[in-house]
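Grab a pencil and work through these short exercises with the model open beside you. Each one has a task and then a solution in steps.

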Amino acid sequence: MRHRAADGRKGSMLGFLRKRPQRSLPAQAPARKPAPEPRVALRPVGEVFTPSRPQRGGEAFVGREPERERIRQALEEDHVHVVIYADRGHGKTSLANCVAAELRARGAMVARYACEAESEFDEIMRGLMRDLPSSFLAVPTMATEDRPGCEAALPAGEVLPAAVASVPRWLVAGHLILIVDEFDRVRDEATRTRFADVIKRISDKGAPLSFVIVGVSASLEALLGRHPSIRRSIAGVKLPLMTVPEMEAIIELGERDAGVIFLPEARRGVTLLAGGVPYLVHLFALRAVQSARARGVRVISLRDLREAAIRIVRDSEPDTVARCEDLVQQFGVDAVAEFLSRFAQPAGSGGDQAGMTGAEVLDAAAHDLDSVLWDRLVEVGALLRTDKGGTALSDSGIGFYLLLHALSLGEDATEDERPEARLVAGNSGQEDWLAER
């Protein structure tokens, strides 16, 4: 399949990611960037690109401006509760952390609790109150060793929705924001029902207390359950895939903070493979920078992106690797990967999204696809039958693994085509920018 790139050119996804560096080295280097503001010290790359943990907010968080503004309006102007939901890896917790930092800076009292599978309503509420400093209590002496923080604002016995709705009267004046993360993990249906009850009570009472509930889900109803009585009291914020400019902003911030620079094609390769998922932007960028630094350079090229793919493939779950082996042996990795790329949305389409966003394909014959391979990919879980009667990439990681596997087997450039030290030295603007770090 041929994909239209964001710049309007056409080309094979795998062909682009596998192509060798051009011999015209200066032409390949990016235009000189303005010197960034002086910084005290560069940050370790593992603190710049952080696939293993969410962003804590502040300057490190980029993008999601429409969602941030929607949340601010919902909490501060509409006085409704917020539910942030999306697939895994879309940056829900990072967004919640960013919102929490912004709200604290504007004087709100903010508490956060991360749910576990066995979490229940009482435990969640007590955990939120313990996360607040005792100085927020109207009578700070109410805090005791066995009831730390602001837990004294709750009854000593069972915590019911009515008691939670009354919490603000035990605290100093101000807007109380309670962030409940990973709500999708909660198994107890009674807990979900009590959350609906407490949201209704707070809304009816007009109490200065708002919940921000965060979880993995395809819909608002799937996360909270069906509760029509509270729908008007909730603003649902579904995180879409990131746009290409948002992904590039993550890379640019990493360049500045880690003292590295991505060549244009490496940058485009990261956004293409990440497909709008911030977790994958951080993962590919981190592994690519680690590859470049292992070679003693600070310029990240397609070679480093291929090395990143190899590392990620090697780190894949053994079950995923095993389920792909017979497919690769029977059909060949290139054939399978090119087949799967038919299910990827072309780069630059659909609101300037990146390449692998999971377009739906309705019929094998209409797309000249191998029906036997189609059935095998469905069988192993790389493709998923949809409600509309079509087929799309699943989120199992198998299709992604196969595409990465094809990339990792890409032909290496010859030694005279990849002198990274000459890449830096061959462009004075780039060298000056790095020297100014």
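**Exercise 1. Get a feel for the whole chain.**
Work out what share of the contacts between residues at least 6 apart in sequence join residues at least 24 apart.

Solution. Count a contact when heavy atoms lie within 4.5 Å. Among contacts between residues at least 6 apart in sequence, 74% join residues at least 24 apart. Before you go on, note that this is a predicted model, where local features need pLDDT of at least 70, side-chain atom pairs count only at pLDDT 80 or more, and totals for chains, interfaces and linings use all residues. Residues are numbered from 1 along each chain as its sequence is written, and side-chain values use heavy atoms, with hydrogens and water left out.

Next, burial: buried means under 20% relative accessible area, exposed over 50%, partly exposed in between (1.4 Å probe, protein chains only). Buried residues account for 51% of the 437 residues.

**Exercise 2. Lay out the open sheet.**
Find the strand order and say which strands sit at the edges.

Solution. Start with the terms: helices (H or I, at least four residues) and strands (E, at least two) are DSSP runs, numbered from the N terminus. Two strands pair if DSSP finds at least two bridges between them. The five strands run in the order β4-β5-β6-β3-β7, with parallel pairing. At the edges are β4 (109–114) and β7 (234–238), each pairing on one side only.

**Exercise 3. Zoom in on β6.**
Which strands pair with β6, and which residues stand opposite each other?

Solution. Take one side first: β3 (residues 81–86) pairs with β6 (residues 209–216) in the parallel sense over five bridges. On that side, I84 has V214 as its bridge partner, and Y85 stands opposite G215. Now turn to β5 (residues 176–181), which also pairs with β6 in the parallel sense over five bridges. There, I179 stands opposite V212. Last, check the cover: seven of the eight residues in β6 are buried.

**Exercise 4. Size up helix α12.**
Compare the span of α12 with the expected one, then see how covered the helix is.

Solution. The expected span is 1.5 Å times one less than the number of residues. α12 (residues 278–294) has 17 residues and reaches 24 Å from its first C-alpha to its last, close to the 24 Å expected. As for cover, 13 of those 17 residues are buried. Just after α12, G296 takes a positive phi of about 80°.

**Exercise 5. Check two cysteines.**
Are C98 and C150 buried or exposed?

Solution. C98 has a relative accessible area of 2%, so it is buried. C150 comes out at 0%, so C150 is buried too.
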